[in-house]
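The following exercises concern the fold of a protein chain. Please examine the sequence and the structure before working through the solutions.

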Amino acid sequence: MKTMKKILLSFIIISSIITLTSMIQPHTLLLGEEYDVRVINSFRDNSSLPLVIWCTSPQGDLGGRALQEGDDFRWTARIELWSWRAEYTCTMKWELKRKRFEAFKVSRDSDRCGITKKCSWSVREDGFYFSSDEVYWTKDFSWL
């Protein structure tokens, strides 16, 4: 009988957590969902000067890369109970320009990344473009 009470209590607690998470978020997130995040160097004719990128996650440092034209930096963002507000930020440097941006933000991107859960960024000379299918790109912001 005690085992059944523990199981029932555990079920109620887990259900309550899921319900609270859904109420806080304007959209439904499932714990353990994964998103493919990709940042692409889409510059034209910059082979002599790479795009330098350094990213961090809620769990720590994702590392950095020097991306030549067409190269990318990718990772998987995983939604956990404690990270529903998580932000994955990257600092980009090219020539004298420097920009820090949120490459993945749960509250902003969990819906717009679509059913494929693909969140791609195309970094260009005039700014940063977002796409969930790598076909249609929308400019989100400029370098400045």
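**Exercise 1: the open sheet**

Determine the strand order of the open sheet and describe its edges and twist.

Solution. Step 1: four strands, in the order E3-E2-E5-E6, make up an open sheet with antiparallel pairing. Step 2: strand E3 (60–67) and strand E6 (97–105) are the edge strands, each pairing on one side only. Step 3: ignoring direction, neighbouring strands of this sheet are turned by 15° against each other on average. The axes used here are lines fitted to C-alpha atoms, with angles from 0 to 180 degrees between N-to-C directions. Strands are DSSP runs (E, at least two residues) and helices likewise (H or I, at least four), numbered from the N terminus; two strands pair if DSSP finds at least two bridges between them.

The model is predicted: local features need pLDDT of at least 70, side-chain atom pairs count only at pLDDT 80 or more, and totals for chains, interfaces and linings use all residues. Residues are numbered from 1 along each chain as its sequence is written, and side-chain values use heavy atoms, leaving out hydrogens and water.

**Exercise 2: one strand pair**

State how many bridges join strand E2 to strand E5, and identify the partner of Val52.

Solution. Step 1: strand E2 (residues 51–57) and strand E5 (residues 87–94) run antiparallel and are joined by 5 bridges. Step 2: Val52 has Lys93 in E5 as its bridge partner.

**Exercise 3: the whole chain**

Summarise the secondary structure of the protein chain.

Solution. Step 1: the protein chain contains 2 helices and 9 strands. Step 2: along the sequence, their pattern is α-β-β-β-β-β-β-α-β-β-β.
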